[in-house]
Amino acid sequence: MRDKDRGETRAKNPGSIIDPERLDALVDAGKNGDVTAFSQLYALYGKKILNYIFRLTGSREEAEDLMQDTFVLAFRNLHSLKENAKFQSWLFRIAQNNVFQKYRGKLPQIESIDAEGSENSAVTELASGSKGPEEAVLSAELERVVQRVIGELPEKYRQVFVLSAIQKLSYQEISEIVGRSLASVKSDIHRARVEVRDKIKEYLGDNYGMSNLH
Amino acid sequence: MECRIYTESLTALMDGELTPKEETAIRTHISGCPSCRAEFESLDYSYRLVDQIDQIEFQPASWPQIQARLTTSSSRGFFSKLKFPGLWIPIGAVGALLLVATSLMMQFPEDHTDQTRQAFQSYMQERQQEMISRGLIQPTDRGNPIFVHYNPFADATARPKGNPFRSER
């Protein structure tokens, strides 16, 4: 079902998912070695980091390991963060570096996802959720198609696509995370979006444009 | 050409990254251009499909594992605050070894040399005194004693009694 306001601009994530003052206090406490305060940051940002790594690597196990590494590294290097307000983009940057370090500068090939017997059964779990049987099937199929499409994107497009389309970060933040100019990021996001659209269209064939939306 | 400029900004429009002026310009163009409108709707549809995918559930229960790693790293104390703390321990150990080895090398030869020299000098003095007492050498003013001419076989008839090296004059 399409919204009446077709093409309504989507709500972007705010720069921080918590109140800036609270973020500032938690980061300062973390800089002073307060593990309890840092655990709150973990609770707030853990899901974002986990999903970002998952979309880059296609593996839930890897994502969980690398997520833990990311937070450990973040705690140890928190003193190097100059602007507390940039904690989120700084954290994403660490996560990204961990992924590239793990895979030696190249994002892994994400295999196509089968419904059963696959390491990526996380995808099937995601899709089944609390949906009805028919919805779950459609959802699982869509999830597989999207994940496959993401996996087929070139590295630099995959990064910005995941950060923009799934993590809903602003272009400015994405620019800080990937270390490229705003103009370059804007251009790459457009190309990534077009490529994703073309590939989804290819996979769904005549079903593209039909009401798969719920 | 004009369409291309607008289509390249369609995603920025959908992502809310345009200024109000830019947004107005594009929407005005789309409303009057069928091909751009079709492109816009196609992209918009893919946006909605992607928006439907779920995210992995995050389990904060994994925090104790992370906490254990943080606690272990922070209990190192001083060294944990240094960069590359793991390097400091072997560097420190090597430095300590070098220091000990250097001091040993510097001390031991002198002691050894002194002791040896002293022992030798003491022995030579004893031998010298003994030879003087036996009359084999005579002390001089110059310090170095001279050997007395002595031929133990000169008097073949005089058999030395006891020590054959004792001179009999």
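pLDDT is the predictor's confidence in each residue, from 0 to 100, and it is a useful guide here, since what you have open is a predicted model.

Begin by selecting residues 1-7 of chain A, where the pLDDT stays under 50 and for which the model has 15 contacts beyond four places in sequence. Next select residues 112-124 of chain A, a stretch whose pLDDT is also below 50 and which has 17 contacts in the model beyond near neighbours in sequence. Colour the whole of chain A by confidence, and keep in mind that its average pLDDT is 81, with 76% of the residues scoring at least 70. Among the elements of this chain, helix 5 (residues 121-128) of chain A has the lowest mean pLDDT, 47, while helix 8 of chain A has the highest, 95.

Now select helix 8 of chain A, residues 171-178, which is mostly covered, with 6 of its 8 residues buried. The buried ones are A:Tyr171, A:Glu173, A:Ile174, A:Ser175, A:Ile177 and A:Val178. Show their surroundings, and you will find that these buried residues pack against helix 4 (87-102), helix 7 (155-166) and helix 9 (182-204) of chain A, together with helix 2 (10-14) of chain B.

Step on to A:Gly179, just after helix 8 of chain A, which takes a positive phi of about 75°.

Finally, display helix 8 and helix 9 of chain A together: their axes come within 9 Å and cross at roughly 105°, and the two helices are therefore roughly perpendicular to each other. The contact is made by A:Tyr171, A:Gln172, A:Ile174, A:Ser175 and A:Val178 of helix 8 and by A:Leu182, A:Val185, A:Lys186 and A:Ile189 of helix 9. By class, this contact has 6 nonpolar, 2 polar and 1 charged residues.

Key: Residues numbered from 1 in each chain as written. Chains lettered and ligands numbered in written order. Predicted model: local features only at pLDDT ≥ 70, side-chain atom pairs only at ≥ 80, totals over all residues. Heavy atoms only, no water. Buried < 20%, exposed > 50% of the residue type's maximum accessible area, 1.4 Å probe, protein only. Helix = DSSP H or I, 4+ residues; strand = E, 2+ residues; numbered from the N terminus. Contact = heavy atoms within 4.5 Å. Axes fitted to C-alpha atoms, helices over the stretch in contact; angles between N-to-C directions. Parallel < 35°, antiparallel > 145°, perpendicular 65-115°, else oblique. Nonpolar A, V, L, I, M, F, W, Y, C, P; charged D, E, K, R; others polar.
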